[in-house]
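User: I am new to this structure and would like to be led through it with questions and careful answers. Could we begin with the charged side chains?

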Amino acid sequence: MNPDELQKELDGLWSRVTSGMPGAPASPVFGPPIPSDAPSITSEATAETMAWMKRQHRAQLEEFRRLLETKDATLSDLRARHAAAEQELAGLRRKSQREDAVVYQQTLEMAARLEQAQKGLKAQDERFRLEESSLRALAEQANARLAAEAGRWRELERQWSEREQQYLLDLQELRSAAERASRCAGTESAAGRKAVEDLKAAKGAVEKTLAQLLQERHDRETAEKEREAAIAKVREAEDRLNQMQNLWQEERKQWQELWDRERSTWEAQRQEFSSWEEKLRKERETWHAQMQDAEGRETQYATQMAEALRKSSEAGERVAGLLRSAAERPAAAPPAPPPPAASAVTRVAPSRPWRPVLAGLAAVLLGAALVPAVRWWGRLVVTPISSVALPVASPTGMSYDGSLLWVCDWAGEFTLLDPADPARGLERMRAAPAGTYHPVALALSGDGLYSIDSAQSRVVRHAIGRPSDVRVVWPTPGPAPTAVAHDGKNLWSYDAVTRVFYRHLGEGGDAAAEQYRADPELVPGAMAWQGGELWVYDAKGRRLVVLKTEGHELKLVKSAPLAAPLQGLSLMLSSGEGGRRQLELWGLSPAAPGQAAATLRRFVIRR
């Protein structure tokens, strides 16, 4: 519509409005136009109205243009900030992954070196024990032989002394008999001959006795020499044993110093990693807080923009309503309208370009309002109930069979606990599969007890109630398994190197395993199935998360912060206040610095 036609329309409307006023000139509605040089109230009012409407139109267009420019600038700024945040987050994620891989590799190397050092120390201990036992056995045998020889030679010496005394007595008697015979030789030749014969016999006996005595003395001297040689050998063995003990003490001291250095290095790296993780967690919390503040500001800005657009639309509606009511108001004596001319312009309904903008803003506001609502709906409330110290030195895993608690430790010992009094152990059993065995996680099913052996990266199935009865052993799909759970049909495990959840489709070395992936930032420390959902304690984020399978992925459903570290968890339904059923979480927490033993923590979970 051009300005002349608009002028005609406004003149017509004004004439209709002023036709019933007293003193108004009676001019036809569609009469000849008033000359432009003659003064006219209608033309002045029309000009003022047109000027006002143009000013209002320009002001609204300028306001709309300003709002659109502000929205575009804000959106571009938000996009740039979002892209920068995404790039920074991707860089931090890559950096975190690289540093996690480096720290984990260093931890694995340190653990391998420590385990090798422990093996060498144990082998050295075993060799020392064997050598010590053999040397002690030799010394005992030598002492026993020396004692026997000493007793035997004392007995022989006593016998030799007795024989020597007897020989001396016999010799004295023979000498006295010879003297008596020599005195009587002059009187009796026969007696003399007999005495000579007796004297010869006595001399032969004396010579024989002296020869035996000399031989016995020679044997005694030989025995004394052998005894002295044996005593020298025993002393040499004792000296060698003392030297071996001194060498062993020195080697033990060196191994202990090496162990202390490696352990201090590992502790320093672990503390550095913990501080780095804490710093990353604080940076992430700060970034989340900044994002929430930005989201709040953007939501407030969108609300203000929607309010401004609503007010503008209301003002436009009021103007349109005034114009519509002015156009539809009946005159006092309306003349019959003439037939429309051929050149009449058809009126087109005014367009409303702000309606799609309002619809889009309404959708944005609805989405922004739904985000916190969905977050609030998906949150968990974890309330601690109790904490009890356990009678286990270094526990690594826990599971609940419905009536009793099973806890395993690093040395391969299983402890049976009463849930009503966990501080008292009911029974202790030891499992001894082939080779080194260090269980780090437990899971129970209807007919089996499963443990994860980190020493040889394998799954061990025990008989229910008898961990010492090993039924099946097979290797894990990944090199570093850390957690295990059973969903009632299949066994699930998690590997810290591949960062993949494995669903075991059978048991044994030939059984296949399906891979399920989750958020790469998730570091499960313990997990359990409950109601078709996988409950996992995230050791890195220090939270309890609930995952659900979607294809071959595990999607986050709910989460809640949980500051207490867990090495094992079990979920069960119990009766709460008023007999209502409630979900309880039982978690195994390692001994914190300054604590003497690990603790069993109980929580109530509310949605």
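## Charged pairs and the overall fold

Analyst: In this predicted model, Arg-65 and Glu-62 form a salt bridge in which the closest N and O atoms are 2.9 Å apart.

User: Where do Arg-65 and Glu-62 lie, and about how many helical turns separate them?

Analyst: Arg-65 is partly exposed, with a relative accessible area of 39%, and Glu-62 is also classed as partly exposed, at 47%. Both residues belong to helix 2, and because they are three residues apart there, the separation between them is about one helical turn.

User: Which residue meets the side chain of Glu-216 in a salt bridge?

Analyst: The bridge in question has an N to O distance of 2.8 Å, and the residue that meets Glu-216 is Arg-163. Glu-216 lies in helix 3 and its partner in helix 2, so this pair ties together parts of the protein that are 53 residues apart in sequence. The residue asked for is therefore the one in helix 2, Arg-163.

User: Is Glu-216 buried or exposed?

Analyst: Its partner Arg-163 has a relative accessible area of 40%, which makes Arg-163 partly exposed. For Glu-216 the relative accessible area is 13%, and since buried means under 20%, Glu-216 is buried.

User: Which strands hold Arg-503 and Glu-514?

Analyst: The side chains of Arg-503 and Glu-514 meet in a salt bridge, at 3.0 Å from N to O. This pair links distant parts of the chain, eleven residues apart, with Arg-503 in strand 12 (residues 500-504) and Glu-514 in strand 13 (residues 513-516).

User: Which residues are joined into one network by salt bridges that share partners?

Analyst: Under the salt bridge rule applied here, the count comes to 27 salt bridges. Where such bridges share partners, they build one network from Arg-93, Asp-100, Arg-499, Glu-521 and Lys-540.

User: Which helix gives the largest share of the positive patch?

Analyst: The positive surface patch is formed by Arg-94, Lys-95, Arg-98 and Lys-279. Lys-279 lies in helix 3 (residues 189-328), and at 52% relative accessibility this lysine counts as exposed, because exposed means over 50%. The largest share, three residues, comes from helix 2 (residues 41-183).

User: What does Asp-125 touch, not counting residues up to four places away in sequence?

Analyst: Asp-125 lies in helix 2, where its relative accessible area of 17% makes this residue buried. Once residues up to four places away in sequence are set aside, Asp-125 touches Trp-248 and Arg-252.

User: How many helices and strands are there in the protein, and what share of its residues is buried?

Analyst: The secondary structure of the protein comprises four helices and 20 strands. Of the 607 residues in the protein, the share that is buried comes to 28%.

User: What share of the contacts with a separation of 6 or more comes from residues 24 or more positions apart?

Analyst: The contacts considered here are those in the protein whose partners have a separation of 6 or more in sequence. Within that set, residues 24 or more positions apart account for 51%.

User: How much of the exposed area of the protein do carbon and sulfur atoms supply?

Analyst: The area that the protein exposes is about 38,900 Å². The part of this area supplied by carbon and sulfur atoms is 55%.

Definitions and conventions. Residues numbered from 1 in each chain as written. Predicted model: local features only at pLDDT ≥ 70, side-chain atom pairs only at ≥ 80, totals over all residues. Heavy atoms only, no water. Patch = residues over 30% accessible without salt bridge, like charges linked within 9 Å, V, L, I, M, F, W, Y side chains within 5 Å. Areas by Shrake-Rupley, 256 points an atom, 1.4 Å probe, with all protein chains shown as cover. Salt bridge = Lys/Arg side-chain N within 4 Å of Asp/Glu carboxyl O. Lys, Arg positive; Asp, Glu negative; His and termini not counted. Charge placed at Lys NZ, Arg CZ, Asp CG, Glu CD. Helix = DSSP H or I, 4+ residues; strand = E, 2+ residues; numbered from the N terminus. Buried < 20%, exposed > 50% of the residue type's maximum accessible area, 1.4 Å probe, protein only. Contact = heavy atoms within 4.5 Å.
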